[in-house]
Amino acid sequence: FSISTYNKMWRDAMEDLDIQLRREREEFLQPQEDHMKAFEMLVTSYIKYMRIFRNLEMAHDQLVNQQKQKVIQQVLDGVIGRILEIKKEMVELDNLEFHYMDNILVDLQLLPEDLEVPIPRYFVKENLEVLQQRERILDEILLNTGLQTQKPVEATTVEEPIEITQVAEQPFMKLTYFQERRETDLPHLNNAATCIQKVWRGYIQRKKTEKMREEEMIFLGMSPPPHLKATSISRIHAEQVSAPQGKVQERPKEDIKDMKDKLREMERLNAKETLQDQIGQCFIECRHIIGKFPDYPNEKAGGSMALFSEKTPEQVAEELAAQKEMALQKKAQEGKKEKEEKEKMKGKSPQKAGKKGSLPEVKTIKEGWRMAPSNFLSIMEEGNSQYKAFWQNRDKKWDFLQDHDPELIKEEKQEDVEEEIKVQVDELMQQKLENLKLAVDGEKSGKQKKGRKSEKSRQVREFRVLCPMMSLVRRTIDSLYKELAEEGLLIKAKTVNICDYIGDYSYLGSTLPHLGKEPMPSATDVRQLIALYGILPLGSQIVHEKAPLVKALLLAGPAGVGKKMLVHAICTETGANLFNLSASNIVDKYPGKTGLQMMLHMVLKVAKQLQPSVVWIGDTEKIFSKAVPKGEEEMNPKRLEKILPEFLKALKAQDRVLIVGTTNRPFDANLKPFCKIYQKIIVIPRPDYGSRYGKYFLWKHIILQNGGVITKLLKISILAYVSDGFTQGSIVQAVQDVLSELRLLQMTRQPLRTDEFVTSLGRQEPVYQEEEETFK
């Protein structure tokens with residue numbers, strides 16, 4: 001049943017994708033003069049791609065067939081990249097990072113939950129063994145250096161067994177006591193029955209009253225209905241099924257490996273003999289035509305496959321010579337064209353040159369907005385055509401497991417086996433050709449004579465001697481990894497998911513601008529941007545290489561809004577390493593300019609080799625501050641200011657490394673160099689009323705997480721109202737102050753009250769209106 005369900009989910013997603021691709025060809029190719037209409041088109045496409053993304057991710061995670069997973073993952077990467085491209089266009093049109101889509105959600109009859117960005121689970125699943133091994137190594141290093149401590153195992157004392165025995169004997173002692181008392185109280189049975197009836201009837205009546213009260217509150221909309229509180233049976237069943245599913249998904253790997261081995265054994269001898277006979281015959285024919293044996297084609301030319309082309313050896317030689325001549329002519333024409341353009345520009349005044357440069361802009365304005373070319377449409381179209389050609393009508397319902405398709409495996413592995421055999425045959429036949437040339441024509445392949453070392457090699461040798469950083473070239477990645485961990489620059493990320501950043505959607509986001517008010521981003525908006533700019537590109541190599549590149553991300557907000565938590569969430573969702581280059585963490589480490597260069601070179605080398613990686617810089621405004629604050633001169637926070645742009649420049653599109661800065665006071669920095677480093681700035685405000693009390697119940701979640709119990713005496717709505725202006729960190733601190741070990745033991749007799757938390761919250765520092773305006 002589940003396989004059919006996820007196959008249907010995949011089929012529906014591919015049908016929606018086919019419709020969306022046709023729509024893109026029709027609408028996005030036409031220029032749009034109305035920017036509002038263009039923005040609505042982009043938002044609509046964004047929402048529809050997000051739905052396709054969600055269905056494909058679910059099907060990819062739950063289907064057992066790895067061949068289907070491979071096809072889905074290709075389309076999935078394309079959809080993720082297209083979403084990022086559309087997001088970039090939306091930001092450029094609207095000049096805002098946060099977008100409010102209430103009107104279009106209503107038109108499409110969707111909920112705000114449909115805007116949540118799903119995190120593909122294969123980001124971590126594919127490299128789970130490597131990540132677990134790396135985590136064990138890091139734990140061992142941190143334990144050896146004393147940077148991480150394990151809880152000591154407490155020894156059992158002599159008194160503990162006695163106490164355990166006494167506790168176990170208490171029920172029997174109580175039973176003996178009540179039996180003796182019952183024998184003495186037989187005459188008072190009627191009075192006892194009356195007391196029991198009185199207590200029972202009072203209990204029943206109170207229960208009925210509480211139930212009527214709950215029904216009234218649900219009817220008035222003051223309390224959520226029971227089905228929203230309780231975990232559904234289907235969800236529990238899904239969690240039970242997903243646990244052993246990983247083991248089932250591992251079975252096809254063994255089958256594929258066995259099938260490849262069988263194919264290799266069956267076809268190795270026959271294919272080798274046939275290929276060698278054909279190549280030998282080709283040598284003989286070529287010598288009859290030309291008068292000499294041909295040169296064996298190298299790997300770039302295609303190896304033995306070049307010999308089996310329909311062209312004669314003379315035609316092949318002529319074609320190669322023509323290609324070289326065409327390349328030289330093209331290069332000469334480009335050089336001539338550049339020379340002519342330079343001469344023209346010299347003869348014109350700067351004003352005329354400026355006018356010429358501004359012509360394309362005028363043309364763009366006349367034509368209107370047009371969607372930029374995409375790097376992912378071809379990937380999606382290829383996956384879509386592959387689905388239609390092979391998988392659309394191939395759902396074998398008679399196959400219970402549907403874990404793999406043997407015919408498809410045979411077709412795929414046949415090519416791999418042939419390629420392996422071809423490489424082996426090429427090596428043998430190349431040697432055979434040299435022997436034939438020597439025996440028949442008396443030719444001998446001459447070896448290159450050893451000459452003097454070039455000037456370039458001498459300069460490289462001298463540079464290696466002079467440059468201290470080149471000592472890192474000979475060191476292994478494991479040794480560099482260990483050194484960074486011992487120095488505290490490579491730290492262990494906390495296990496936090498992006499969904500743990502609790503907060504609701506801003507339902508007035510599109511209404512407030514019409515009233516002349518600027519809405520602050522909600523927790524849902526923050527989660528979206530962290531997923532789009534941080535998690536999705538880091539998780540997929542194809543997406544990171546071809547999507548709009550974001551090298552550095554800044555999280556700005558008051559203390560306690562969860563900036564560090566989001567940094568750890570990025571690492572958890574992608575399995576990334578976490579490097580801490582905060583000014584306070586690199587004090588007295590690798591002193592001097594050379595030491596700083598060496599430290600960053602080590603970080604860069606390990607981060608690239610063991611990607612994905614996140615480089616975290618806490619209190620990053622101090623690096624770009626106008627003046628070093630008093631008392632922090634020894635810390636030297638401006639140490640990274642000049643070298644950080646070089647570090648950023650060294651990161652290429654193929655390097656899945658992200659710099660994430662966090663700051664409580666971005667307005668203290670010198671903004672020009674500050675904004676050159678951080679391409680994207682995400683403002684994280686304090687939680688609004690909807691996040692504190694709404695669907696996600698921030699107060700309720702934190703109280704339950706710390707061991708508290710919610711009763712009728714605890715009014716969450718009052719706590720949500722009085723906590724206006726306080727951050728998530730302040731609420732967590734207030735709850736932890738109240739729920740001490742002693743208070744948790746007293747909860748059964750004294751339930752939690754609202755005034756306890758209000759008193760504790762009053763000791764925390766709120767975010768004032770002036771500070772919030774400064775962040776805006």
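How much area does the chain expose, and what share of it do carbon and sulfur atoms supply? In this predicted model, local features need pLDDT of at least 70 and side-chain atom pairs count only at pLDDT 80 or more, whereas totals for chains, interfaces and linings use all residues. Residues are numbered from 1 along each chain as its sequence is written, and side-chain values use heavy atoms, with hydrogens and water left out.

The chain exposes about 48,800 Å², of which carbon and sulfur atoms supply 54% (Shrake-Rupley method, 1.4 Å probe). Of its 776 residues, 38% are buried, that is, under 20% relative accessible area with a 1.4 Å probe and protein chains only. The secondary structure comprises 29 helices and six strands, taken as DSSP runs (H or I, at least four residues, for helices; E, at least two, for strands) numbered from the N terminus.

Helix H3 (residues 66-94) packs against helix H13 (residues 377-391) at about 150 degrees, the axes lying 8 Å apart, where axes are lines fitted to C-alpha atoms over the stretch in contact and angles run from 0 to 180 degrees between N-to-C directions. H3 is therefore roughly antiparallel to H13 (over 145 degrees). Residues of H3 including Val71, Val75 and Arg82 meet residues of H13, among them Met380 and Trp391, contact meaning heavy atoms within 4.5 Å.

Helices H17 (residues 523-539) and H19 (residues 563-574) pack at about 40 degrees with axes 10 Å apart, and are therefore oblique to each other, a class that holds angles outside the ranges under 35, 65 to 115 and over 145 degrees.

Definitions and conventions. Buried < 20%, exposed > 50% of the residue type's maximum accessible area, 1.4 Å probe, protein only.
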